[in-house]
Amino acid sequence: MMRLGDNGPADARILCGFLGCDTRPFNPLVEALPPVLHLQGSSYRENSGLGYLINAARVESEGRRTGGEGVLARLGELLFVEAIRCHIEALGPEQTGWFAGLADRHVGQALNLLHGKPAADWTLDDLAKAVGLSRSTFAQRFTHLIGQPPMQYLTRWRMQLAAGLLASGSDPIARVAEAVGYDSEAAFNRAFRRTVGTPPAAWRQTQMSPQ
């Protein structure tokens, strides 16, 4: 607790926290975040989801109950998700970027498909048909909002998943390749090196080496 000025009533209460995440080699959520995410007061009124979570975090941090650190860690994740949801809901129709893509009916559905089944044998035609648009309209809409074509986005997302598997496990590279949608280890190696800038084996060695 910090107190500034006279011993009058509190003018503001500041709740601070930290949330870590994996940013390499490609994290569309982190890349889409502005330097500062400012939510208007209406977003966290007491009876809103965000207001409830903020109050729960305050009570938990002040109570110092058993298991409080674990509860606060989960509340931190929920607060982040809810803040992002409020941010997306406040976006104007002229906005572009990953969050605008999530909010878009067609592009958001495509993103859900790509993230839900990244190893599937997706084609541009398959995605366009799944979201109810023509191939050209879908490709144009996706690229306009996300900033890159659908298949390029899929490749980068697969490499993000592969990087996590390489860094956290000991599965052979061929199995990692299969897990993210590549039948050929050689094709996976080429895609990983082209996207990440280093071969999969070298990436794994770097991540496992003491820092």
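**Exercise 1. Which helix does H106 lie in? Work out its surroundings too.**

*Solution.* Keep in mind that this is a predicted model. Start with the position: H106 belongs to helix α5, which covers residues 105-116. Next, check the accessibility. Buried means under 20% relative accessible area, and H106 has 14%, so it counts as buried. Now look for its partners. Once neighbours within four places in sequence are set aside, H106 touches V131, L133 and R141. Last, take a distance: from H106 to Y153 the C-alpha atoms are 15 Å apart, with the two positions 47 residues apart in sequence.

**Exercise 2. Find how helices α8 and α10 pack, and say which residues make the contact.**

*Solution.* First locate the helices: α8 runs over residues 150-168 and α10 over residues 185-196. Their axes are 10 Å apart and meet at an angle of about 100 degrees. Angles of 65 to 115 degrees count as roughly perpendicular, so that is the label for α8 against α10. Then list who takes part. Helix α8 brings T155, R156, M159, A162, A163 and L166, while α10 brings F188, A191, F192, T195 and V196. Sorting these contact residues gives 8 nonpolar, 2 polar and 1 charged.

**Exercise 3. Classify the aromatic pair of F142 and Y153, and place it in the structure.**

*Solution.* A search of the whole structure turns up 7 aromatic pairs. To describe a pair of aromatic rings, you use the distance of the centres and the angle of the planes. For F142 and Y153 these are 5.9 Å and 75 degrees. Planes over 60 degrees apart count as edge-to-face, so this pair gets that label. Now for the location: F142 sits in helix α7 (residues 135-146) and Y153 in helix α8, so the pair ties together parts 11 residues apart in sequence. Both residues are buried. Finally, step back a bit: ring pairs join F26, F138, F142 and Y153 into a cluster.

**Exercise 4. Now do the same for F188 and F192: what kind of ring pair do they form?**

*Solution.* The ring centres are 5.8 Å apart and the planes stand at 55 degrees, so this pair is tilted. Where are the two residues? Both are in helix α10, and because they are 4 residues apart, about one helical turn separates them. How about burial? F188 has a relative accessible area of 0%, so it is buried. F192 also counts as buried, at 0% relative accessibility. To tie this back to Exercise 2, F188 and F192 are among the α10 residues that make the contact with α8.

Definitions and conventions: Residues are numbered from 1 along each chain as its sequence is written. This is a predicted model: local features need pLDDT of at least 70, side-chain atom pairs count only at pLDDT 80 or more; totals for chains, interfaces and linings use all residues. Side-chain values use heavy atoms; hydrogens and water are left out. Axes are lines fitted to C-alpha atoms, for helices over the stretch in contact, and angles run from 0 to 180 degrees between N-to-C directions. Helices (H or I, at least four residues) and strands (E, at least two) are DSSP runs, numbered from the N terminus. Angles under 35 degrees count as roughly parallel, over 145 as roughly antiparallel, 65 to 115 as roughly perpendicular and the rest as oblique. Contact means heavy atoms within 4.5 Å. Ala, Val, Leu, Ile, Met, Phe, Trp, Tyr, Cys and Pro count as nonpolar, Asp, Glu, Lys and Arg as charged, and the others, Gly among them, as polar. Rings of Phe, Tyr and Trp (its six-membered ring) pair if their centres lie within 6.5 Å; planes under 30 degrees apart count as stacked, over 60 as edge-to-face and the rest as tilted. Buried means under 20% relative accessible area, exposed over 50%, partly exposed in between (1.4 Å probe, protein chains only).
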